[in-house]
Amino acid sequence: MKRRILSGIIAAMCLLSASCGSKEAETTVHEEAAEASVKTITAAPSEITAAVLAEITINSALEKGMDDMSIYFAELDTSVLEDVSYYMCASGAYPDEIAVFKFNTAEAAEQNKAAVQTRLDKQISTYETYTPDEFYKLEDAVLTVKGNYIFYFVTENNSRASEIMESFVS
Amino acid sequence: MARKKVDGLSVAIVILNVLIVGVIITLCVLIYMYMSGKLEQTDVSNLGQEAQPYATTTTTQITTDTFETTTLETTSTTTEPVFETTAGDGTEDTIIAIETDTSYDEEFFADDLFIGDSIATGLQNYGYFNADQVFAEIGLNPETAQTLEVNGFTSITKAKELQPKRIYIMLGSNGIAFMGNTYMVQQMQSLIEQLREACPDSYIYVLSIPPVTKAHESEGQETMAMVNGYNKLLKDMADDIGVIYLDLCSELQDSTGYFSATYAEADGLHFLGTAYKKMLSFIQKSIQG
């Protein structure tokens, strides 16, 4: 009888222990989720721009490299820029361009947002009178900072570009 | 007895292993034979990619066209034993034809300056020239080209700083629909005179503005009649003041007189990447005779 009671107690303790264990796991998951809300992106900028270009067309799209940043984003601090993927309409006919910048820190990304805004402002002032039919692409352009990334989209479907971007943010 | 059983088992295991190895070898041979057949086809299709290093010196569009041509040729001769030779020759011929048509010497332009509008921005965007050799801005016209500053320079102060061997000007597409051809040509003359003063040793070339597509014309802005009218006045002015006029427009037209689809961007006004190489080739050949 004593053995049965002892066995029962041991079994109950095991179950309780297991239950506590799962609660700990749940707590860990919630903590991770909370940390993730700080915006964790693991994809390379080129992966993200490739995903956007797979769905959204840019005429005469041409990728420009790190060395070209000073030409198109003159105020950008490239010393804190780890990686970039930038596509533009090379013919100059359309304002379309997309860029994903990866900085070494989230603070650096936040500080360089103004440099990308300068580019956007220039494009707005240029295309507002140059090709008014294309201006809608600039009116709802995407310029946002997530973690140590800056996302910049001027396309025919900026809302879809945003959705694609969000799919890379965990 | 026990030892005999062990020996008997060992023999059976050895035979079984030999059988398994035999089956594996047979499978490997079969897979190899199957793959060999596929590899022949892979070699054939790779011919187009081998051509890429030659074609990539041109623009992306040309590269694509070359691939398409190569693919068509290779497909038509896949069963012929002499396929590789035939396909190789065909590919090379295609590339040479393209290279001959649009070849130019980078060194030829090494000390030159281009002044233009959004079309000329493509010279820098596509990497034909660095920013030092291009003064170009979206929406630029012969009037604004004299005063507008880009990165702290007007076209004239930039030319004065650079003292280029040659200066090419292609302006007018922005304006023929609303500025008036006579006024624009007067402004071009004013621009040229200022450049001459700033760069007395430079040769100045005036390029005609390019054609437009029929689709662009139907949108009701720039038309071929406007383009031709402006270019005629431009040529007359160039002849009068002694600068060389280069008729790029004719080089970019198709048989109907409109902007050829080979060179025209989707808007029917700007250049595809292919057009820049055509333009540079034309300029060099025109100047060198």
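**Figure 1. The two faces of strand S3 in chain A of a predicted model.** Glu97(A), Ala99(A), Phe101(A) and Phe103(A) point one way from S3(A), while Ile98(A), Val100(A) and Lys102(A) point the other way. All of these residues are buried. In a regular strand, side chains alternate between the two faces of the sheet. Strand S3 of chain A spans residues 97-103 and is mostly covered, with 7 of its 7 residues buried.

**Figure 2. The pairing of S3(A) with strand S2 of chain A.** Strand S2 comprises residues 81-89. S2 and S3(A) run in the antiparallel sense and are joined over 7 bridges. Within this view, Glu97(A) in S3(A) has Met88(A) opposite.

**Figure 3. The pairing of S3(A) with strand S5 of chain A.** Strand S5 is formed by residues 149-154. The pairing of S5 with S3(A) is also antiparallel, and it extends over 6 bridges. Here Ile98(A) stands opposite Phe153(A), a residue of S5(A).

**Figure 4. The surroundings of Ser85(A) in strand S2 of chain A.** Is Ser85(A) buried or exposed? Ser85(A) counts as buried because it has 22 C-beta neighbours inside 10 Å, and the cut-off for a buried residue is 20 or more. Leaving aside neighbours within four places in sequence, Ser85(A) is in contact with Pro45(A), Ser46(A), Thr49(A), Glu63(A), Ala99(A) and Val100(A). Of these contacts, Ala99(A) and Val100(A) point in opposite ways from S3(A).

**Figure 5. Ser85(A) and Ile48(A).** These two residues lie 37 residues apart along the chain. Their C-alpha atoms are separated by 8.5 Å.

Methods: Residues numbered from 1 in each chain as written. Chains lettered and ligands numbered in written order. Predicted model: local features only at pLDDT ≥ 70, side-chain atom pairs only at ≥ 80, totals over all residues. Buried ≥ 20, exposed ≤ 12 C-beta atoms within 10 Å, placed from the backbone. Helix = DSSP H or I, 4+ residues; strand = E, 2+ residues; numbered from the N terminus. Pairing = 2+ DSSP bridges. Contact = placed C-beta atoms within 7 Å.
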